[in-house]
Amino acid sequence: MSDIETSTVSEEGFASTSQVGDFELTIDATDEQGPNPNAVLVADYASCFLPAFRVGGQQRGHDDLGKIQIDADADLDDDDDLTGIRFAIHVEADLDDDEFDEIVTRAEGICHVHTALREELHAEIEVHGGAF
């Protein structure tokens, strides 16, 4: 038996609905009925990296980072293939750059999406402490 099972269906056009456990997600290559697959991938990456960042902080002795927000942006080539992803991570806690660098390094090792992507698509990351 697989660890993850999904079912994706498209009745017509370029939109599809994926069943993931008890959740349903609509993805549309034309951005009409839902976000496009590249946007979903970028959002998925950020939504994986954020808890990994929090765990990385805990593992480095920073149990309360407070509110964390990731603003992600990405570049596409002429074929609409992703060529770059960047994260600006805003953290309520005001740590120094070395502490944030340690947390980022640990988060990169924890985030499963980061591990799954080809290296040239790993996010370029900036962290802004004392952000809220």
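H62 counts as buried in this predicted model, because its relative accessibility is 17% and buried means under 20%. H62 sits in the loop between α1 and β4. Which residues does H62 touch, leaving aside its neighbours within four places in sequence? The contacts are G57, L95, E99 and I103. G57 belongs to α1 and is itself buried. E99 and I103 fall within α2, which spans 97-110.

**The helix before the loop**

α1 runs from residue 37 to residue 59. It has 23 residues. From its first C-alpha to its last, α1 reaches 33 Å. That is close to the 33 Å expected at 1.5 Å a residue.

What happens at the two ends of α1? At the N-terminal end, N36 acts as a cap. A side-chain oxygen of N36 lies 2.9 Å from the backbone nitrogen of N38. After α1 comes G61, with a positive phi near 85°.

Many positions along α1 are buried, including V40, Y45, C48, F49, A52, F53 and G56. An α-helix has 3.6 residues a turn, so residues three or four places apart point the same way. Which elements help cover the buried residues of α1? Among them are the strands β3, β4, β5 and β6, and the helices α2 and α3.

**The largest pocket**

α1 also helps to line the largest pocket, giving 5 residues, the most of any element. The space in this pocket is about 370 Å³. Its lining includes V40, L41, A43, D44 and S47. Also in the lining are I4, T6, T8, S18, V20, L25 and I27. Besides α1, the elements that give two or more residues are β1, β2 and β3. V40 appears twice in this account: it lines the pocket, and it is one of the buried residues of α1.

The lining residues divide by type as follows.

| Type of lining residue | Count |
|---|---|
| Nonpolar | 7 residues |
| Polar | 4 residues |
| Charged | 1 residue |

**The whole protein**

Now step back to the full chain. The protein has 3 helices and 6 strands. From the N terminus on, the order is β-β-β-α-β-β-α-α-β. The C-alpha atoms fill a box of roughly 50 × 40 × 30 Å along the principal axes.

How much of the protein is buried? Of its 132 residues, 32% are buried. H62 counts among the buried ones. Consider contacts with a separation of 6 or more: 53% of them join residues 24 or more positions apart.

Notes: Residues are numbered from 1 along each chain as its sequence is written. This is a predicted model: local features need pLDDT of at least 70, side-chain atom pairs count only at pLDDT 80 or more; totals for chains, interfaces and linings use all residues. Side-chain values use heavy atoms; hydrogens and water are left out. On a 1 Å grid over the protein atoms alone, a cavity is a set of points where a 1.4 Å probe fits but cannot get out, and a pocket is an open set with protein on both sides within 12 Å along at least five of seven lines; lining residues have an atom within 4 Å of a point. Grid points are joined across faces, edges and corners, and a volume is the space filled by probe spheres set on the points. Helices (H or I, at least four residues) and strands (E, at least two) are DSSP runs, numbered from the N terminus. Ala, Val, Leu, Ile, Met, Phe, Trp, Tyr, Cys and Pro count as nonpolar, Asp, Glu, Lys and Arg as charged, and the others, Gly among them, as polar. The expected span of a helix is 1.5 Å times one less than its number of residues. Buried means under 20% relative accessible area, exposed over 50%, partly exposed in between (1.4 Å probe, protein chains only). Contact means heavy atoms within 4.5 Å. A polar contact is a pair of N or O atoms within 3.5 Å; within protein, one must be able to donate a hydrogen and the other to accept it, and residues adjacent in sequence count only if both atoms are side-chain atoms.
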